[in-house]
Amino acid sequence: MIIGIAGAGGDGVISAGESIITAAALEGCHGIMTKSFGSQIRGGEASCRLRLATRQVLTPNGPLDVAVALDWEDFRRFGGELPVESSTIMIYESNTGVAPDKLPLDGVAPAEVFSVPITDMALKHAGTDKAKNIVVTGLLAGWFGIGRESMLAGIRKKFARKGAEVVEGNARAFQAGLEFAEAHPLRENRKLLAPQAGRQANLLTDGNDMCAAAAIFAGCTFFSGYPITPSTEIMQFFDREIWKYGGSLLQAEDEIAGIGAVVGASFAGKKAMTATSGPGMSLKTEMLGLASIAELPLVCVNVQRGGPSTGMPTKAEQADLFQAAFSSHGDCPRPVLAPISVGDMFGITVEAFNLAEYYQTPVIILSDQEISQRKETVEPIDTSAFKLIERRRPTKAEMVKYARFKLTESGISPISQPGMVGGNYLAAGIEHNELGRPTASGEMHARMNEKRFRKFSPLQNRRDLFLVEGDLDATVALVSWGSVAGVAREALQLARAEGLRVKLLVPKLLYPVAEPVYRDFFASVKRGLFIEQSFQGQLYRLARMYVDFPPGVKTMAKSGSNPIQPAEVLAWLRKENS
Amino acid sequence: MMTNTEPISTCQFQAGDFKSDLKPIWCPGCGDYGVVTAITRALAAIGRPPHEVAFISGIGCSSRIPGYTTTYGFNTVHGRSLPIAQGIKLANPDLLVLVAGGDGDGFSIGGGHVAHVIRRNMDLTYIVMDNQIYGLTKGQLSPTSKRGRKTATSSFGSLEDPVNPLLYVMGYGASFVAQGSPADMPGLAHLIEEGIRFPGFAFINVQSPCVTYGEEEEQLKAQKARIQSLAAIGHDPADRALATERAREYGTKLYTGILYRNPKPPPTYGQGVTERQQALKKQAVACLDILKRFVPGH
């Protein structure tokens with residue numbers, strides 16, 4: 001079930017959505033909620049899109065089953081983000097004065113239309129129009145069977161601080177919404193299926209908070225960064241938590257200083273992280289090169305937004321893959337990972353720290369605005385199942401004539417840290433020999449470059465960092481990554497439910513390109529589609545640098561802020577299978 | 001907790017214990033030779049073993065300096081030694097962290113970081129080898145070059161006034177500001193030692209002449225005639241107003257010694273971190289349980 005709610009900034013639209021998804025999570029249901037705002041800091045229009053189900057929700061995208069307009073002008077500003085179709089149930093504020101048969105929906109006739117005196121009900125029962133959103137939650141709970149007890153409990157808890165009168169007023173407003181819904185039944189029952197009894201509550205969070213929590217779980221004790229939309233919540237979570245774990249945080253004076261302090265903390269032996277978005281990533285590139293040549297572990301999160309330059313700060317895009325793989329001068333390899341959901345962000349972040357420590361390298365997590373800021377239910381994660389890797393520290397014997405950059409078979413050298421007796425060495429951005437001493441030798445430079453690439457060769461076989469779904473011998477295939485992978489997964493499920501034979505590859509390790517994984521996947525494929533939220537289709541182009549694809553493999557690439565719909569992908573699959 | 005002033009080891013060190021066998025790339029007669037000697041003498045006087053010292057630099061002739069010591073060193077990228085050093089200090093507060101670089105590194109490409117390390121009062125010692133020229137790239141204008149100075153990029157003379165490093169750091173509220181010269185070796189070693197012992201950010205500007213692209217009047221021989229010891233003229237380093245006045249004379253007079261030492265320095269960033277960690281420690285849930293933060297209604 002997909003619900004879209006839009007209103008003015010102060011209408012509490014987001015808060016209504018949060019109450020609903022929280023109730024769903026408590027009852028063991030699943031959901032994803034995305035928010036969208038006008039560009040104003042305060043005021044302006046606000047909307048949320050909620051998708052609820054009894055199973056894991058893969059993408060918030062799709063046409064609305066239910067639309068709520070507290071104000072028509074605000075609602076219409078979200079255009080394609082809140083698409084009303086002939087199957088949609090439309091609920092709107094009657095004091096907008098719009099007649100039910102004259103809705104400003106460009107000729108679309110919704111399945112059912114309810115004009116509800118939302119403001120009047122709020123004023124009557126709670127004594128304030130601030131309770132409009134509470135009336136809305138009551139309406140939705142009444143019509144669609146979303147956990148009314150949990151929601152009522154949530155209301156009581158939320159307003160407890162404000163005294164009994166406010167609590168009761170809001171409870172009455174909620175009840176009024178419920179009763180209105182019951183008095184005006186739907187023509188067709190659209191209730192969300194009740195979750196199975198005894199299900200445990202799901203976790204509820206967004207990608208940014210999940211990333212920071214996973215980092216602390218992985219042993220990260222230092223964060224430094226600079227506020228930038230849409231990544232700032234990562235730093236904010238660290239600020240609330242990191243001190244409790246004996247760690248520290250530095251809000252840096254700029255993006256360069258942010259990653260610089262992280263490079264320093266890593267040199268000093270600690271797991272450290274920074275987070276940013278496109279413009280900040282551009283500034284950090286020189287430090288990525290330094291961490292590569294000095295072979296220092298660090299994790300850098302890029303929460304992608306629309307680019308180039310300031311671009312579209314509050315919209316998701318997947319156009320920073322080239323930058324993640326190739327930015328910084330010189331032959332400068334580094335692993336790039338991308339989570340596909342909020343829940344997946346946990347494992348990806350832990351993996352990023354493990355790769356950084358094991359390979360002594362910067363690792364980039366390519367998140368995106370959608371994953372970072374959408375609220376999503378996550379089934380409880382068994383954290384004890386995750387292994388944590390620490391950097392390879394020198395043995396006592398290796399500290400005699402210690403060679404920090406020893407040319408080993410694996411390419412991984414023992415790494416000391418200040419404070420270790422006998423481990424003293426010079427870390428440097430300048431090319432060095434095995435002892436860490438500066439060198440101008442072309443031969444040594446070639447050997448060190450080769451080492452810095454060779455050490456990543458085991459990543460070619462990390463099949464666990466790829467998701468393969470569907471019919472393994474299918475000739476029609478999809479490839480997708482990041483938040484868009486959810487769209488592709490849903491399209492795959494819909495297609496297979498129709499009896500189409502199709503498979504899907506979702507790389508979570510984007511770079512280095514794991515050539516054997518792509519080759520094996522494409523062995524049976526005649527027609528394929530890379531589905532990406534960027535103008536160029538960057539994964540398609542990046543992978544082709546390393547792997548020859550069958551000629552029928554193409555891209556569906558769209559610039560950010562135009563969500564790709566599962567139905568579009570399904571339409572392509574039907575065409576290819578016909 | 002250990003502080004920089006307490007030798008943790010009873011064994012005594014000689015300056016030689018801090019000198020590496022790497023041959024400097026510097027030209028014969030370069031002022032930086034004297035700086036590395038002064039640093040090794042200061043470290044010996046402090047008495048912490050080399051493995052407890054992290055020596056961080058940027059890019060430039062002078063930034064090669066960590067490699068000429070036996071400490072842990074990090075020769076980073078141009079202008080970014082201060083952020084990296086701050087990360088090191090926060091990650092391991094027990095380390096003695098030295099930072100060094102040239103005037104271009106500190107006041108041109110990296111100038112933006114100086115204000116922030118000062119306002120945080122990070123417990124670092126920052127030594128700038130100020131030679132008023134870009135030596136590594138062979139003689140271009142630097143941020144401390146005098147107006148009118150002819151260089152490879154100012155063939156007809158510089159059109160800019162120089163940065164005044166002393167006034168710059170005084171302006172941002174630095175608590176320890178000093179100037180030295182390799183022309184006075186014992187004095188320079190002493191200043192560096194005092195800077196290390198100072199609880200907070202210590203800035204030491206060193207007039208370290210470029211023997212190849214520098215001017216005659218900047219060379220050590222000429223400096224010896226110009227040096228005015230602040231101690232000898234009865235300067236009171238606790239007097240901020242006087243220190244600021246004397247900082248203004250950078251470029252006309254060559255004062256050496258401690259220009260300003262805040263008698264009541266603000267707490268260091270590190271102290272704040274430690275206090276906060278201790279205050280919040282009991283609120284920690286086990287790392288394994290951190291996801292409990294996401295249980296609805298938590």
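Helices and strands here are DSSP runs, numbered from the N terminus: a helix has at least four residues, a strand at least two. The model is predicted.

**Exercise 1. Locate the cis peptide bonds at Pro308(A) and Pro512(A).**

Step 1. Start with Pro308(A). This residue is in the loop between S11 and helix H11 (321-326) of chain A.
Step 2. Look at the bond before it. The peptide bond from Gly307(A) to Pro308(A) is cis, and its omega is near 0 degrees.
Step 3. Move on to Pro512(A). Its loop lies between S19 and helix H16 (515-522) of chain A.
Step 4. Check the bond again. From Tyr511(A) to Pro512(A) the peptide bond is cis, with omega near 0 degrees.

**Exercise 2. Trace the open sheet of chain A that contains S11 and S19.**

Step 1. Write down the order. Seven strands of chain A form the open sheet, running S9-S8-S10-S11-S13-S12-S19. The pairing is mixed.
Step 2. Find the edges. They are strand S9 (248-251) and strand S19 (509-511) of chain A, and each pairs on one side only.
Step 3. Zoom in on one pair. Strand S10 (residues 272-276) and strand S11 (residues 298-304) of chain A are parallel and share four bridges.
Step 4. Name a bridge. Thr276(A) has Asn302(A) in S11(A) as its partner.

**Exercise 3. Describe strand S4 of chain A: its side chains and its neighbours.**

Step 1. Sort the residues of strand S4 (residues 66-69) of chain A by direction. Val66(A) and Val68(A) point one way, while Ala67(A) and Ala69(A) point the other way.
Step 2. Ask whether they are buried or exposed. All are buried. The cut-off is 20 or more other C-beta atoms within 10 Å.
Step 3. Take one neighbour. Strand S1 (residues 2-8) of chain A runs parallel to S4(A), joined by four bridges. Here Gly4(A) is the bridge partner of Ala67(A).
Step 4. Take another neighbour. Strand S5 (residues 89-93) of chain A also pairs with S4(A) in the parallel sense, over four bridges. Val66(A) stands opposite Ile89(A) in S5(A).

**Exercise 4. Examine two residues with positive phi: Asp106(A) and Ser561(A).**

Step 1. Read the angles. Asp106(A) is not a glycine, yet its phi is positive, about 50 degrees. Ser561(A) is also a residue other than glycine, with phi near 75 degrees.
Step 2. Place them. Asp106(A) is in the loop between S5 and strand S6 (112-116) of chain A. Ser561(A) is in the loop between strand S21 (553-557) and helix H18 (566-577) of chain A.
Step 3. Judge exposure. Asp106(A) has 8 C-beta neighbours inside 10 Å, so it counts as exposed. Ser561(A) has 18 other C-beta atoms within 10 Å, so it is partly exposed.

**Exercise 5. Analyse helix H6 of chain A.**

Step 1. Check the length. Helix H6 (residues 164-183) of chain A has 20 residues. From first C-alpha to last it reaches 28 Å, close to the 28 Å expected at 1.5 Å a residue.
Step 2. Pick out buried residues. Among them are Gly169(A), Ala173(A), Phe174(A), Gly177(A), Leu178(A) and Ala181(A).
Step 3. Recall the helix rule. An α-helix has 3.6 residues a turn, so residues three or four places apart point the same way.
Step 4. Find the packing partners. The buried residues of H6(A) pack against helix H3 (118-126), helix H4 (132-144) and helix H5 (148-159) of chain A.

**Exercise 6. Describe chain B and its contact with chain A.**

Step 1. Count the elements. Chain B has nine helices and eight strands.
Step 2. Test how compact chain B is. Its radius of gyration is 20 Å, close to the 19 Å that the globule rule gives for 298 residues, so chain B is as compact as a globular protein of that length.
Step 3. Check burial. Of the 298 residues of chain B, 53% count as buried.
Step 4. Turn to the contact. Chain B gives 46 residues and chain A gives 54 residues. On the side of chain B, the largest share comes from H2(B), with eight residues. That side divides into 24 nonpolar, 16 polar and six charged residues.
Step 5. Look for strand pairing across the chains. Strand S15 (residues 426-428) of chain A and S2(B) run parallel and are joined by three bridges. Ala427(A) stands opposite Phe74(B) in S2(B).

Key: Residues numbered from 1 in each chain as written. Chains lettered and ligands numbered in written order. Predicted model: local features only at pLDDT ≥ 70, side-chain atom pairs only at ≥ 80, totals over all residues. Contact = placed C-beta atoms within 7 Å. Nonpolar A, V, L, I, M, F, W, Y, C, P; charged D, E, K, R; others polar. Pairing = 2+ DSSP bridges. Expected span 1.5 Å × (residues − 1). Buried ≥ 20, exposed ≤ 12 C-beta atoms within 10 Å, placed from the backbone. Rg over C-alpha atoms; globule rule 2.2 N^0.38 Å.
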